[in-house]
Amino acid sequence: MVLPTMIRVQAVLAYAGLEPPAPFDDEWMFTACPACATPQSLAECTLRPGEAGDTHYRCKNGCQDLLIVSPADDAAKPWPGRGYRFGAYVVRNAVQVVVVLGSIRLSLLASTAALLPETDRPSCPRPSGLPRRRRRRSPNGNRRIAHN
Ligand SMILES: [Zn+2]
């Protein structure tokens with residue numbers, strides 16, 4: 001039996017072509033569970049493999065998924081609020097995550113569509129009656145990183 005490989009957020013960021021002042025580490029990424037309000041690092045979350053190479057980060061108290069790492073799909077239609085794309089992966093954080101890199105704080109605001117099932121993906125984002133192609137956007141409707 002081949003065990004599924006679970007991709008961690010630290011690995012996604014490490015291979016995204018960024019040049020951080022310190023290594024990305026799940027122990028230095030902080031969030032809080034919306035259900036039990038417990039602050040926790042991503043290293044404290046319970047990980048489990050999901051469908052199609054997803055990695056689910058669950059609250060350490062078992063309440064709910066806080067974040068899902070998914071392989072990016074270039075063929076998929078844009079989905080505003082799905083998450084942040086870094087390289088070949090999308091970080092779907094249902095809650096805000098603060099990434100600490102030495103003295104720098106990098107804030108990933110919560111993605112409103114992070115936990116919705118793939119079947120809820122917008123099927124036709126192009127308004128009818130507009131023959132022109134829409135301006136090209138990044139897949140999954142990802143946002144830029146906001147600095148705090
Ligand atoms: Zn919780």
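How many bridges pair β3 and β4, and in which sense do the two strands run? The pairing is antiparallel and spans four bridges. Keep in mind as you read that this is a predicted model.

Let's stay with that pair for a moment. Across the two strands, T46 faces R58 of β4. Five residues separate β3 from β4 in a hairpin, and in its turn A52 adopts a positive phi of about 55 degrees. If you like to check backbone torsions, that residue is a good place to begin.

Following the chain onward, β4 (residues 55-58) meets β5 (residues 65-71), again antiparallel, through four bridges. Two of the residue pairs can be picked out here: H56 has I68 of β5 as its bridge partner, and Y57 is matched with L67 of β5. Side chains in a regular strand alternate between the two faces of the sheet. The link between β4 and β5 is also a hairpin, with six residues between the strands, and G62 there has a positive phi near 85 degrees.

Now step back to the whole sheet. It is open and has five strands, ordered β3-β4-β5-β7-β6, with antiparallel pairing. Because β3 (46-49) and β6 (84-86) each have a single partner strand, they stand at the edges, and one side of each is left without a neighbour in the sheet. From one strand to the next, the twist averages 20 degrees.

What packs together in this model? The largest nonpolar core has 25 residues, and the members that touch the most others are V9, V12, L66, L67 and V91. Two or more residues come from each of α1 (9-14), β5, β6, β7 (89-93) and β8. Of these elements, β5 gives the most, with four residues. L67, then, appears twice in our tour: as the bridge partner of Y57 and among the core residues that touch the most other members. In soluble globular proteins, nonpolar side chains tend to be buried together.

V12 is a handy residue to select in your viewer. Leaving aside residues up to four places away in sequence, V12 touches I7, V69, F86, G87, Y89 and V91. One of these, V91, is also listed with V12 among the residues that touch the most other core members.

Our last stop is another strand pair. β8 (residues 97-101) and β9 (residues 104-108) run antiparallel and are joined by five bridges. Within this pair, V100 has R105 of β9 as its bridge partner. The two strands form a hairpin with two residues between them, and G102 in the turn shows a positive phi of about 60 degrees.

Definitions and conventions:
Residues are numbered from 1 along each chain as its sequence is written. This is a predicted model: local features need pLDDT of at least 70, side-chain atom pairs count only at pLDDT 80 or more; totals for chains, interfaces and linings use all residues. Two strands pair if DSSP finds at least two bridges between them. Axes are lines fitted to C-alpha atoms, for helices over the stretch in contact, and angles run from 0 to 180 degrees between N-to-C directions. A nonpolar core is a set of buried Ala, Val, Leu, Ile, Met, Phe, Trp, Tyr and Cys residues joined through C-beta atoms within 7 Å. A residue is buried if 20 or more other C-beta atoms lie within 10 Å of its own, exposed if 12 or fewer, and partly exposed in between; C-beta atoms are placed from the backbone. Two residues are in contact if their C-beta atoms, placed from the backbone, lie within 7 Å.
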